[in-house]
Amino acid sequence: MSDPKSASETARPRRHPLFWVVMFAPLVVVAALFTIFLVSLEKGGDPALVPSVLVGKPAPLTKLPPLAGMNLPGLDTEALKGKPTLVNVWASWCAPCRAEHPILEQLASDPRIRLVGINYKDQADNAARFLGQLGNPFAAIGVDANGRTAIDWGVYGVPETFLLGPDGTIRYKFIGPLDEESLKAKLMPEIEKAVAG
């Protein structure tokens, strides 16, 4: 008389050798990516540095309506040629935008460049109040109410700042709020290059 347990064990199909490879391959990939991420941080990598595929290419064709109540033109990239231009993507609900505002005011006083803004997914009265309290550094402000323009520009979040050369080509992109250190070490050298031609 045969043992039913041993019969069922012998009847169980054997797993194909590739079964284990398929089961553990995703885990190995995730572990490798995590290791690469940790190594880059240890070497001083900047997690805020995200490359933009638009750098070196013409700015996306953009025509946005003006911010109500500000008596400024909207944003039209065709009108931005002729001198280096900073395009700052901001919103009144964005705390880092408030923190970087003094830097934008400083940049607006530089006659070699033009500073324009894209107001991102904001309420017009809140945006106008924000600029009324902190000052308006922008020569033009376009309203991106639904965020479609930000997608075209490859925006990851606010604030972000793009430097356009006199020919309308995106020369540099800075992600996050500008401060004195990033202005001096990163943005100003790029502005100097754009001004020089």
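Helix 3 and helix 4 are oblique to each other, since their axes cross at roughly 55° and an angle that is neither under 35 degrees, over 145, nor in the range 65 to 115 counts as oblique. The model is predicted. The points below cover this helix pair, three buried charged residues, and the backbone at Asn71, Lys121 and Pro159.

**Helix 3 and helix 4**

- Helix 3 spans residues 95-108 and helix 4 spans residues 124-134.
- The axes of the two helices come within 11 Å.
- The crossing of helix 3 past helix 4 is right-handed.
- On the helix 3 side, the contact is made by Cys97, Arg98, His101 and Glu105.
- On the helix 4 side, the contributing residues are Phe130, Leu131, Gln133 and Leu134.
- By class, the residues of this contact are four nonpolar, two polar and two charged.

**Lys173**

- Lys173 belongs to strand 7, which covers residues 170-175.
- Lys173 counts as buried because its relative accessibility is 10%, and the cut-off for buried is under 20%.
- The side chain of Lys173 reaches the backbone oxygen of Gly154 at 2.7 Å.
- A polar contact of 3.3 Å also links the side chain of Lys173 to the side chain of Glu160.

**Asp110**

- Asp110 sits in the loop between helix 3 and strand 4, the latter being residues 114-120.
- With a relative accessible area of 14%, Asp110 is buried.
- The side chain of Asp110 is joined to the side chain of Arg112 by a polar contact of 2.9 Å.

**Asp144 and Lys121**

- Asp144 is part of strand 5, residues 141-144.
- The relative accessible area of Asp144 is 1%, so Asp144 is buried.
- Leaving aside residues up to four places away in sequence, Asp144 touches Leu64, Ile118, Asn119, Tyr120, Lys121, Thr149 and Ala150.
- One of these residues, Lys121, is 23 residues from Asp144 in sequence, with a C-alpha to C-alpha distance of 6.0 Å.
- Lys121 lies in the loop between strand 4 and helix 4.
- At 43% relative accessibility, Lys121 counts as partly exposed, because the value falls between the 20% limit for buried and the 50% limit for exposed.

**Backbone geometry**

- Most residues other than glycine have a negative phi, and most peptide bonds are trans.
- Lys121 is a residue other than glycine with a positive phi, near 45°.
- Asn71, also not a glycine, has a positive phi of about 55°.
- Asn71 is located in the loop between strand 1 (63-64) and strand 2 (75-76).
- Asn71 is exposed, because its relative accessible area is 79% and the cut-off for exposed is over 50%.
- The peptide bond from Val158 to Pro159 is cis, and its omega is near -5°.
- Pro159 is placed in the loop between helix 5 (148-153) and strand 6 (160-164).

Definitions and conventions
Residues numbered from 1 in each chain as written. Predicted model: local features only at pLDDT ≥ 70, side-chain atom pairs only at ≥ 80, totals over all residues. Heavy atoms only, no water. Helix = DSSP H or I, 4+ residues; strand = E, 2+ residues; numbered from the N terminus. Buried < 20%, exposed > 50% of the residue type's maximum accessible area, 1.4 Å probe, protein only. Polar contact = N/O pair within 3.5 Å; in protein donor to acceptor, adjacent residues only side chain to side chain. Axes fitted to C-alpha atoms, helices over the stretch in contact; angles between N-to-C directions. Left-handed = near helix turned anticlockwise from the far one by under 90°. Contact = heavy atoms within 4.5 Å.
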